[in-house]
Amino acid sequence: MRSVRDRIATRIVGRERELDLVLAAVAAGRDLVLEGPPGTSKTTMLKAITGQWGIPLLFVEGNADLTPAKLVGHHNPARVLREDYSADTFVPGPLVQAMQEGGFLYIEEFNRAPEDTLNTLLTAIADRSIAVPRVGTIDAAATFRVIASMNPFDNVGTTRLSTSVHDRLCRLAIDYQDEAAEQQVVALRAPDLPAGLAGRLIPDGVAVTRATRRHPDVRQGSSVRGAIDTVLVAAELAALRGIAAGDDDRYPAAVLDAMIVALSGRIHLDEAAETTPEQVLTEIFQDRFLLAGTDRPG
């Protein structure tokens with residue numbers, strides 16, 4: 001387990017504790033719900049773990065359309081007409097596929113799934129098997145796990161999970177990484193920045209993105225993905241406008257334009273806020289580049 005952890009850790013920035021806890025839970029045979037905002041390395045960790053173990057990772061989006069039939073599987077209508085119902089006409093859904101292959105079934109937006117779909121999952125979690133009509137009982141392979149994720153800041157269209165669901169799942173809250181770790185993430189995702197821009201653009205991109213999470217008019221700010229896109233778009237704008245270094249007087253305007261493109265769709269304003277995403281981002285820009293005086297190099 002230590003060697004697996006060490007290999008996985010090379011692919012993840014600033015998540016040592018969370019990685020240890022997720023590994024310990026799944027190695028102990030437990031199913032798990034990861035609670036945290038988007039862009040907090042949940043999927044990255046699961047991909048790294050299943051990749052090291054050589055098992056599949058199957059994605060399912062929790063929403064009102066996720067019926068038990070879509071989760072479990074269905075009989076092919078054309079073959080049923082020709083051959084009648086049998087195990088051979090059954091097309092496995094992601095739950096059955098994960099059980100048979102010993103993979104992780106990863107359900108995003110878990111608390112948006114209908115109650116009857118969650119009940120189907122509970123049977124698989126509790127018994128490690130499910131009964132499929134006209135197919136029989138399907139037993140889960142030893143490495144089968146159900147991993148769910150939820151966004152605690154988004155309660156629109158979600159349902160309250162029952163005590164039965166909570167009682168069968170371990171839980172780990174995952175928050176945003178610290179500023180230094182997010183700068184490392186951006187540097188990994190944007191490795192080819194011009195030397196004259198990288199040293200300033202990465203800290204600026206991370207700082208303005210993190211500021212969206214603290215703004216009083218923002219209900220949910222952007223994840224580090226917004227910082228990555230801000231940096232990449234700003235670098236392309238700089239190239240288009242002939243900006244070669246962060247001390248160019250035109251550099252701040254390029255960052256503001258990149259922020260509008262990269263972040264305006266990622267922030268969710270408070271319903272009572274009388275403002276726009278563009279106005280919020282302009283305020284954040286001014287705080288970073290004008291009020292704090294960081295439009296000056298160094």
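Two helix pairs, and why they get their labels

Me: In this predicted model, what do the axes of helix 10 (residues 195–211) and helix 11 (residues 224–241) do?
Reply: They come within 8 Å and cross at roughly 140°.

Me: Why is helix 10 called oblique to helix 11?
Reply: Their axes cross at roughly 140°. Roughly antiparallel needs an angle over 145 degrees, and roughly perpendicular covers 65 to 115. The angle falls in neither class, so helix 10 is oblique to helix 11.

Me: Which hand does the crossing of helix 10 and helix 11 have?
Reply: Right-handed. On the helix 10 side, the contact is made by Leu-197, Leu-201, Ile-202, Gly-205, Val-206 and Thr-209. Helix 11 brings Gly-226, Ala-227, Thr-230, Val-231, Ala-234, Ala-235 and Ala-238.

Me: How do the residues of that contact divide into nonpolar, polar and charged?
Reply: Nine are nonpolar, four polar and none charged. Gly counts as polar here, so Gly-205 and Gly-226 go with the polar residues.

Me: What about helix 1 (residues 2–9) and helix 2 (residues 16–27): how do their axes cross?
Reply: At roughly 135°, with the axes coming within 11 Å.

Me: What makes helix 1 and helix 2 oblique to each other?
Reply: Same test: over 145 degrees would be roughly antiparallel, and 65 to 115 roughly perpendicular. Roughly 135° fits neither, therefore the pair is oblique. The crossing is right-handed.

Me: Which residues make the contact of helix 1 with helix 2?
Reply: Arg-5, Ile-8 and Ala-9 from helix 1, and Leu-19, Asp-20 and Leu-23 from helix 2. They split into four nonpolar, no polar and two charged. Asp and Arg count as charged, so the two are Arg-5 and Asp-20.

Definitions and conventions:
Residues are numbered from 1 along each chain as its sequence is written. This is a predicted model: local features need pLDDT of at least 70, side-chain atom pairs count only at pLDDT 80 or more; totals for chains, interfaces and linings use all residues. Side-chain values use heavy atoms; hydrogens and water are left out. Axes are lines fitted to C-alpha atoms, for helices over the stretch in contact, and angles run from 0 to 180 degrees between N-to-C directions. Helices (H or I, at least four residues) and strands (E, at least two) are DSSP runs, numbered from the N terminus. Angles under 35 degrees count as roughly parallel, over 145 as roughly antiparallel, 65 to 115 as roughly perpendicular and the rest as oblique. A crossing is left-handed if the near helix is turned anticlockwise from the far one by less than a right angle, and right-handed if clockwise. Contact means heavy atoms within 4.5 Å.
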